[in-house]
Amino acid sequence: MNFTAVKSIYLFEMARFGRTLWQSLISPVVSTSLYFVVFGAAIGSRIDEIGGVQYGAFLLPGLIMLNLLTQSISNASFGIYFPKFTGTIYEVMSAPVSFLEIVLGYVGAAATKSLILGIMILLTASLFIPIQIAHPFWMAFFLVMTVITFSLLGFIIGIWADNFEKLQIVPLLVITPLVFLGGSFYSIDMLPETWQTVTLFNPVLYLISGFRWSFYEISDVSVGVSLTMIMVFLGLCLLTIWWIFKTGYRLKT
Amino acid sequence: MFLQTSSYRGLLEHKQEIFMIYERFFHAYYVGCKKSCALTSCGAKSALHLKLENHSKKRGTPMQKHPSMPPYTQPIIRVSNLSKTYGGGFQALKNIDLEIRQGEIFALLGPNGAGKTTLISTICGLVNPSGGQVSVDGHDIITDFRAARKMIGLVPQELATDAFSSVWTTISFSRGLFGKKPDRAYLEKVLKDLTLWDKKDNPIMTLSGGMKRRVLIAKALAHEPRILFLDEPTAGVDVELRRDMWEIVRSLRSSGVTIILTTHYIEEAQEMADRVGIINKGEIVLVDDKDNLMRQLGRKQLILDLHQPLDSIPPELADYGVEIADNGQQLIYTYDTTGERTGITKLLQALSESGIRFQDLNTTKSSLEDIFVDLVKNTT
Ligand SMILES: Nc1ncnc2c1ncn2[C@@H]1O[C@H](COP(=O)(O)OP(=O)(O)OP(=O)(O)O)[C@@H](O)[C@H]1O
Ligand SMILES: [Mg+2]
């Protein structure tokens with residue numbers, strides 16, 4: 001294992017984030033505040049509680065997930081797409097590093113950045129609502145697993161994309177709707193029965209449900225199912241990465 | 001590391017030239033030669049030196065332009081039966097066999113689309129070969145890629161840089177990527193040798209094109225590679241910078257780095273290379289010592305348009321090695337301008353003695369360019 005190389009890629013990526021730190025942190029903080037003002041204060045005054053939790057607080061896990069998912073994907077996809085686009089990828093590809101090490105460096109950095117973001121949102125939220133975390137360990141576990149899994153997904157998208165449109169399209173057309181429809185802002189038993197069934201096919205539901213459980217011990221599906229699902233996603237992403245590694249897909253001609 | 005002072009180099013050049021021939025012929029007397037070289041460089045000529053001179057004449061001029069390391073003959077890169085077919089079905093490399101010798105400058109010459117970049121990229125791991133093997137210092141580039149790649153630095157044809165990073169950051173990154181511990185002193189030296197030191201904190205996007213190319217060289221050298229690939233290092237570079245580049249390459253070579261460069265410029269190959277390989281349409285059509293090629297360059301042909309066609313070469317002219325061409329209308333005599341005698345006078349005398357008259361007379365000189373054009377034409 002070439003740890004020096006992993007560290008180099010990781011630090012290089014972190015330095016890149018550092019240069020845009022201000023932009024990348026300010027926007028989620030602003031948008032989180034907006035959500036709390038609009039949904040929490042305006043709508044929340046009409047829906048006072050869900051499952052015994054105040055609506056503003058109920059929102060928090062979903063909001064964090066929304067940000068983690070979109071940010072992990074965009075950070076990681078951009079991180080690998082950009083060197084492909086500028087051509088600087090040649091250096092990484094000709095270095096004595098395995099694909100695993102490349103993934104560790106890029107995905108590790110993207111996941112770290114998302115994690116920092118998640119914590120920032122949590123801190124911002126604490127200005128609006130009292131934070132209460134029933135299972136801190138599982139909260140952290142869901143947080144970490146989510147950023148890793150979705151940074152891996154982002155990495156795959158970044159390798160697959162051969163133009164900027166493709167890079168944007170997955171987060172925009174797939175992830176955002178899945179998050180919105182996955183119970184970020186409501187409990188699924190507020191939906192009509194048929195839609196409840198449809199929603200069960202939304203993988204993001206399991207993430208949000210499990211994550212919310214770690215805060216308030218309320219969930220749409222059982223925690224065990226949530227945990228299984230996140231492991232399945234992770235496995236799928238790893239499998240895809242392994243396949244890319246095997247075939248050199250989009251990286252080698 | 002490299003870039004020595006010129007006076008020192010002069011001395012070194014002289015010594016090494018002798019060492020080189022010496023190594024080939026008088027292996028047993030290693031220490032003795034060292035002494036005699038020291039003597040000859042002060043002007044005294046020993047018997048051994050005279051002997052060496054004779055040898056050098058027979059073998060042609062040794063590489064005088066280079067402050068050379070002894071030219072090792074063992075290959076450091078071995079390419080065997082390598083082929084590459086791109087996704088669309090286009091075959092860019094066809095059963096390439098090539099050996100690069102340790103310590104040499106090898107110029108890969110070929111027209112656009114010949115496969116130069118593809119060949120280099122395959123050796124460096126950017127392109128998956130479709131068939132064949134490549135080994136670098138005995139390490140297979142696929143099964144033992146770490147060991148193979150550690151030895152190689154690559155300067156790509158395209159100027160691809162991290163626009164926002166500083167020069168220092170980018171070369172430190174390159175070093176780390178190849179698994180080397182940080183070494184400020186070494187990197188400082190690389191930057192100074194490439195006259196980039198005062199730019200070390202500038203973002204790369206603020207540098208000129210020529211400087212960016214040097215940054216790419218610095219990146220490639222950051223991990224102390226033993227082999228350096230330069231894919232068209234002087235494309236789009238002005239005359240002065242081109243000379244600088246040549247100078248850099250030569251000093252790298254004298255520090256023991258094996259260099260493979262691609263170029264369209266015959267002049268460049270002529271100026272720099274120890275050996276030249278010509279590639280066209282994915283095939284290596286010729287690999288030879290530059291000196292051999294240059295010797296062919298020194299060859300001229302005398303073409304005589306005859307008054308009356310000849311059926312065969314008259315016995316009186318048999319010794320001259322003349323050839324008949326154009327259905328007997330022409331006699332062609334090939335001679336070496338670097339030789340002491342061209343033999344033209346004698347030939348003309350012999351011709352008039354045997355009553356062969358001619359109405360016109362031409363001479364042609366072949367250049368590396370001709371050789372190149374010929375080869376490229378023949379393979380189309
Ligand atoms: N990724 C690719 N997919 C398909 N064909 C390719 C690819 N890369 C190169 N080729 C083709 O392979 C051939 C050799 O290309 P290569 O870049 O190796 O040439 P070259 O000798 O470096 O040319 P130049 O002097 O212009 O740099 C060309 O015909 C080119 O079109
Ligand atoms: Mg090329």
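**Second largest pocket**

I began with the second largest pocket of this predicted model, and sorted its lining by class: 11 residues are nonpolar, 6 polar and 5 charged. The space inside comes to about 530 Å³. I then asked which residues lie nearest the centre of this pocket. Out of 22 lining residues, they are Gly87(A), Tyr90(A), Thr117(B), Ser121(B) and Leu126(B). Two helices, α4 of chain A and α4 of chain B, each supply at least two residues of the lining. I noted that α4(B) gives the most, with 4 residues.

**Largest pocket**

Next I looked up the largest pocket, which holds about 710 Å³ of space. I counted 32 residues in its lining, and those nearest the centre are Arg16(A), Ser74(A), Asn75(A), Phe78(A) and Gly79(A). By class I found 13 nonpolar, 13 polar and 6 charged residues. Which helix gives the most to this lining? My note says α3(A), with 9 residues. Helices α1, α2 (21–43), α3 (55–86), α4, α5 (99–125) and α7 (164–181) of chain A each supply at least two.

**Cavities**

I searched the whole structure for cavities of 30 Å³ or more and got 3. The largest of them encloses about 60 Å³. Both chains appear in its lining: Tyr90(A), Glu91(A) and Ser94(A) are there, along with residues of chain B including Gly153(B), Leu154(B), Phe178(B) and His223(B). Tyr90(A) was already in my notes, from the centre of the second largest pocket. For the largest cavity, α4(A) gives the most to the lining, with 3 residues. I also wrote down β6 (152–155) and α8 of chain B, which, like α4 of chain A, each supply at least two residues. The lining divides into 4 nonpolar, 3 polar and 2 charged residues.

**Helix α6 of chain B**

I wanted to know how many residues of α6 (167–177) of chain B are buried. The count is 9 of 11, so this helix is largely enclosed by the rest of the structure. Among the buried ones I listed Val167(B), Trp168(B), Ile171(B), Phe173(B) and Leu177(B), and Arg175(B) is buried as well. What do they pack against? In chain A I found α1 (3–19) and α4 (89–94), and in chain B α7 (184–193) and α8 (209–221). Just after the helix, Gly179(B) takes a positive phi of about 80 degrees.

**An open sheet in chain B**

I turned to the strands and traced an open sheet of 4, in the order β2-β1-β4-β5 of chain B, with antiparallel pairing. At its edges are β2 (91–101) and β5 (139–140), each paired on one side only. For β1(B) and β2(B) I counted 7 bridges, and I saw Arg78(B) opposite Glu99(B). Their hairpin has 5 residues between the strands, and there Gly89(B) has a positive phi near 95 degrees. At the other edge, 2 bridges join β4 (131–136) to β5(B), with Ser135(B) opposite Asp140(B). Helix α4 (116–124) of chain B lies across β1 (75–85), β2 and β4, at about 65 degrees to β2(B).

**Positive phi without glycine**

Most residues other than glycine have a negative phi, and I looked for departures in this sheet. Asn81(B) has a positive phi near 55 degrees. This residue is in strand β1 of chain B, and at 42% relative accessibility I count Asn81(B) as partly exposed. Asp137(B) has a positive phi near 50 degrees. I placed Asp137(B) in the loop between β4 and β5 of chain B. Is Asp137(B) buried or exposed? Neither label fits: with a relative accessible area of 32%, Asp137(B) is partly exposed.

**Asn280(B)**

My next stop was Asn280(B), in strand β9 (275–280) of chain B. The relative accessible area is 3%, under the 20% cut-off, so I count Asn280(B) as buried. Its C-alpha lies 7.2 Å from that of Gly115(B), though 165 residues separate the two in sequence.

**Chain B as a whole**

Last, I noted the totals for chain B: 13 helices and 14 strands. Of its 380 residues, 47% are buried. Among contacts between residues at least 6 apart in sequence, 70% join residues at least 24 apart.

Technical notes: Residues are numbered from 1 along each chain as its sequence is written. Chains are lettered from A and ligands numbered from 1 in the order in which they are written. This is a predicted model: local features need pLDDT of at least 70, side-chain atom pairs count only at pLDDT 80 or more; totals for chains, interfaces and linings use all residues. Side-chain values use heavy atoms; hydrogens and water are left out. Two strands pair if DSSP finds at least two bridges between them. Contact means heavy atoms within 4.5 Å. Axes are lines fitted to C-alpha atoms, for helices over the stretch in contact, and angles run from 0 to 180 degrees between N-to-C directions. Buried means under 20% relative accessible area, exposed over 50%, partly exposed in between (1.4 Å probe, protein chains only). On a 1 Å grid over the protein atoms alone, a cavity is a set of points where a 1.4 Å probe fits but cannot get out, and a pocket is an open set with protein on both sides within 12 Å along at least five of seven lines; lining residues have an atom within 4 Å of a point. Grid points are joined across faces, edges and corners, and a volume is the space filled by probe spheres set on the points. Ala, Val, Leu, Ile, Met, Phe, Trp, Tyr, Cys and Pro count as nonpolar, Asp, Glu, Lys and Arg as charged, and the others, Gly among them, as polar.
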